[in-house]
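Thanks for coming. I will take one structure today and go through its core, its aromatic pairs, its largest pocket and a few backbone angles.

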Amino acid sequence: MNFVKNTQEELKKLNIKNDEQYTIQYLNRDYFNGDENIEKTLAKAIVDEKNEISFLVQDDYGMDKFIKDAKVIL
């Protein structure tokens, strides 16, 4: 599995805005069996007080998951 995430610098150059939605890819690990796969989904951007960017997605079980390692798909 070859997943390459965007760095924080790359995300900042993309002008990611807080609370906006973006299509991202991220490495998802299943809670129960530990399987990993690359997911592509719509996610809400979260920009914290340190200007670090992460994303909020809802997983297959309906739980919110914060994703720090993601690649934005334009």
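Before the core, a definition: a nonpolar core here is a set of buried Ala, Val, Leu, Ile, Met, Phe, Trp, Tyr and Cys residues joined through side-chain atoms within 4.5 Å. Buried means under 20% relative accessible area. Please keep in mind that this is a predicted model.

The core, then. The largest nonpolar core has 13 residues, and those touching the most other members are Ile16, Tyr22, Ile24, Phe55 and Val72. Strands β1, β2, β3 and β5, the last being 70–73, each supply at least two residues of this core. As general background, nonpolar side chains in soluble globular proteins tend to be buried together.

Let me stay with Tyr22 for a moment. Leaving aside residues up to four places away in sequence, Tyr22 touches Asn15, Ile16, Lys17, Thr41, Leu42, Ala43, Ala45, Phe55 and Val72. Two of the names on that list, Ile16 and Val72, we just met in the core.

Next, the aromatic rings. How many aromatic pairs does a search of the whole structure find? There are 2. One is formed by Tyr22 and Phe55, edge-to-face, at 6.5 Å centre to centre with 80° between the planes. Tyr22 sits in strand β1 and Phe55 in strand β3, 33 residues apart, and the pair thus links distant parts of the chain. Both Tyr22 and Phe55 are buried.

The other pair is Phe32 with Tyr61: the ring centres are 5.3 Å apart and the planes stand at 85°, so this pair is edge-to-face. Distant parts of the chain are linked here too, with Phe32 in the loop between β1 and β2, Tyr61 in the loop between β3 and β4 (64–67), and the two positions 29 residues apart. Are these rings buried or exposed? Phe32 counts as exposed because its relative accessibility is 69%, and the cut-off for exposed is over 50%. Tyr61, at 44%, counts as partly exposed.

Now the largest pocket. About 180 Å³ of space lies in it. The lining comprises 16 residues, and Tyr26, Asn28, Glu39, Asp59 and Asp60 lie nearest the centre. By class, 8 lining residues are charged, 4 are polar and 4 are nonpolar. Which strands contribute at least two residues each to the lining? They are β1 (21–29), β2 (36–47) and β3 (53–58). Of the elements, β2 gives the most, with 4 residues.

One of the residues nearest the pocket centre deserves a closer look: Asp59. Asp59 is in the loop between β3 and β4. Its relative accessibility is 9%, so Asp59 counts as buried. Beyond residues up to four places away in sequence, Asp59 touches Tyr31 and Lys65. Its C-alpha atom is 9.8 Å from that of Thr41, a residue 18 places away along the chain.

Last, the backbone. Two residues other than glycine have a positive phi: Asn15, near 60°, and Asp19, near 70°. Asn15 lies in the loop between α1 (8–13) and β1, and Asp19 is placed in the loop between α1 and β1 as well. Asn15 has a relative accessible area of 47% and is partly exposed; Asp19, at 48%, also counts as partly exposed. Asn15 came up earlier, too, among the contacts of Tyr22.

That is what I have; I will take questions now.

Conventions: Residues numbered from 1 in each chain as written. Heavy atoms only, no water. 1 Å grid on protein atoms, 1.4 Å probe; cavity = no way out; pocket = protein on both sides within 12 Å on 5 of 7 lines; lining within 4 Å. Points joined across faces, edges and corners; volume = space filled by probe spheres on them. Nonpolar A, V, L, I, M, F, W, Y, C, P; charged D, E, K, R; others polar. Buried < 20%, exposed > 50% of the residue type's maximum accessible area, 1.4 Å probe, protein only. Contact = heavy atoms within 4.5 Å. Phe/Tyr/Trp six-rings, centres within 6.5 Å; stacked < 30°, edge-to-face > 60°.
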